[in-house]
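Thanks for making time this morning. I would like to walk through one model with you, going from its pockets to its packing and then to a few individual residues.

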Amino acid sequence: MEKNQHNDEDAGVLASMGYTQELSRSMKGFSNFAISFSIICILAGGITSFQLGFSSLGGFGVAIGWIVGTIFATIVACSMGQIASAYPTAGGLYHWSSILGGRGWGWATAWVNLLGLVFVLASVNVGAYTLFVQLILGKIFGMDVSGWGYGHQLIGVLLIASSQALFNHVGIKITKILTDFSGYLILFAALLLTVMMLYCAPGFHWDRLLTIVNNTGAPGGNVFPRSENLIYAFCLALILPAYTITGFDASAHVAEETIDARNVVPRGMINAVLISGLFGFIMVCSFVLAMPDPTSSAAQGGDVFFNLLAQLPVPSWLRSFMYVMIVAANYLCALAGMTSTSRMVFAFGRDGGLPGSKLWRYVSPVYRTPVPAIWLVAILSCAVTLYSSAFAALAAGCAIFLYVSYAMPIGAGILAQRKRNVMTGPFRLGALSTPFAVLTVIGSIGLVWIGIQPPNDILISYVVGIVVVLLGGWFLVEKRRFKGPPLGGTVSTSTEKMMDEEIVQETAAGA
């Protein structure tokens, strides 16, 4: 009875913003949290990007950098949660920006967010394939994979993305079960990995976490070019938590499938960030404490974590079990990412923002999922890996650029509040609203600057190109064509259109 009451309330809120309930609304609080927690996935970013923190300022860069990054992500999640509480729609960021900043701002937000989501999804799938080949096939089964090349990767990523699309295709319930399981898996694996590291540590040398060691250049395996500027090096360390703690907008993207979305979505985002931040901090610090020799470990660069894990004096079956959990967590991380990205495509297509929008807004009457949007995302996530030189840089940068799409509706909200009364939901920041919004905008700009530093400075040309294409696309074409989302009162969905046609037909038959 309570579920039906919430569903009626949720459908009413959705209708007030101009949409009918098309997707299946069955996700509860934990599931909404789990989808963001799964995409953050400290077993993905915290492991594969560990060297970004350690090869900057050593243990200090890892520990203090993680704390600063978590605080910033929490501020962003709180600011997003306040808007999500007022406007709980699929593709939330785009819709929020359109309401608060206008059609053009919403259109730009959609493309920035979509670009970031697709490249992050692709990079995680490439990572899942690489880990499967190296850890499962190579280390556990002893297969010689040294001759495997780009063709094998393409086939592997295609199979991975297809299976994830199939899970999403057949309904939100099976996806919900898998992402719920992923939440428990990540927590269990992170705790087990931490215990393994601390048990094998040569001693609890806590000073490692507070001692500044400049590992830029050769001392850190040349992950970053050498710099004597310690403040700059600390900024580079922030890439580790920024790359890891992102994607929590997933809770907002599935708002139309979440029961009591106005209350649940903000909690889902914020809790996903806080719990990931806490357990991730303990986990990455345990890596530093477990190192027999931090100096030689730092020189290993990108291989530092897996070399450390391979050298731990633990039973081989336990190490193999950990390998399996790491690969599974990466796969489920991308599965949740596909769910989030497909809802963004669906929402943007529903309002006519994409070429072929009529197809991308279609919802299967059997599975109640945006089937064409799901398979489009699967195809795009494979296609972007074809350009290997560009993909490597964009995959590294787009996780950070996602924060730009987070900041766009939040920044627009600051200006909107000065001009008119802005609708609010049950979750409100009160006096913290404006300070948090300002910190989000400033911090996101800072992250973009950090993200385009060497060796990712190739991103500068891509960023400039993207800005030029967006400006040209808007002013030359989309400004006249794109109407934006309905701002209430006008329901614009394929389902509503079919209902109208049926009414007309029945009226004609009765006459």
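Let me begin with the second largest pocket, where α6, α18, α19 (433–451) and α20 (459–481) each supply at least two residues of the lining. Please keep in mind throughout that this is a predicted model, and that what I describe was computed from it. The space in this second largest pocket comes to about 670 Å³, and of the 25 residues that line it, the closest to its centre are Val112, Val404, Met408, Val467 and Leu470. If we sort the lining of the second largest pocket by class, we find 21 nonpolar residues, 4 polar ones and no charged ones.

The loop between α19 and α20, two of the helices I have just named as contributing to that lining, is where Pro455 is found. The peptide bond that joins Pro454 and Pro455 is cis, with omega at about 10°.

Now to the largest pocket, for which the volume is about 1,100 Å³. Its lining is made up of 47 residues, and those that lie nearest the centre are Thr48, Ser49, Gln51, Ser123 and Tyr243. Several helices give two or more residues to this lining, among them α2 (29–40), α4 (50–86), α10 (239–244), α15 (316–350) and α18 (388–419). Which element gives the most to the lining of the largest pocket? That is α6, with 12 residues. By class, the lining of the largest pocket divides into 26 nonpolar, 18 polar and 3 charged residues.

Turning to the packing, the largest nonpolar core has 163 residues, and the ones with the most contacts inside it are Leu193, Phe248, Phe287 and Leu309. Here again α6 is the element that gives the most, in this case 20 residues. To take one of those core residues, Leu193 is in contact with Leu43, Ile47, Met283, Phe287, Phe305, Leu309 and Met322, once we leave aside its neighbours within four places in sequence. There is also a second, separate core of 7 residues, which includes Met27, Ile39, Val254 and Ala336.

Met27 brings us to Thr258, since Met27 is among the residues that Thr258 contacts, together with Asp10, Arg25, Asn32 and Val264, again leaving aside neighbours within four places in sequence. Thr258 is found in the loop between α11 (250–253) and α12 (261–290). Is Thr258 buried or exposed? Its relative accessible area is 0%, and it therefore counts as buried. The side chain of Thr258 is joined to that of Asn32 by a polar contact of 3.0 Å.

Asp260 is placed in the loop between α11 and α12 as well, and although Asp260 is not a glycine, its phi is positive, at about 55°. Asp260 counts as buried because its relative accessible area, 18%, falls under the 20% cut-off.

A positive phi also appears at Asn222, another residue other than glycine, where the value is near 60°. Asn222 lies in the loop between α8 (172–200) and α9 (230–237). Why does Asn222 count as exposed? Its relative accessibility is 57%, and exposed means over 50%, so Asn222 belongs in that class, whereas Asp260 is buried.

Notes:
Residues numbered from 1 in each chain as written. Predicted model: local features only at pLDDT ≥ 70, side-chain atom pairs only at ≥ 80, totals over all residues. Heavy atoms only, no water. Helix = DSSP H or I, 4+ residues; strand = E, 2+ residues; numbered from the N terminus. Buried < 20%, exposed > 50% of the residue type's maximum accessible area, 1.4 Å probe, protein only. Polar contact = N/O pair within 3.5 Å; in protein donor to acceptor, adjacent residues only side chain to side chain. Contact = heavy atoms within 4.5 Å. 1 Å grid on protein atoms, 1.4 Å probe; cavity = no way out; pocket = protein on both sides within 12 Å on 5 of 7 lines; lining within 4 Å. Points joined across faces, edges and corners; volume = space filled by probe spheres on them. Nonpolar A, V, L, I, M, F, W, Y, C, P; charged D, E, K, R; others polar. Core = buried A, V, L, I, M, F, W, Y, C linked by side-chain atoms within 4.5 Å.
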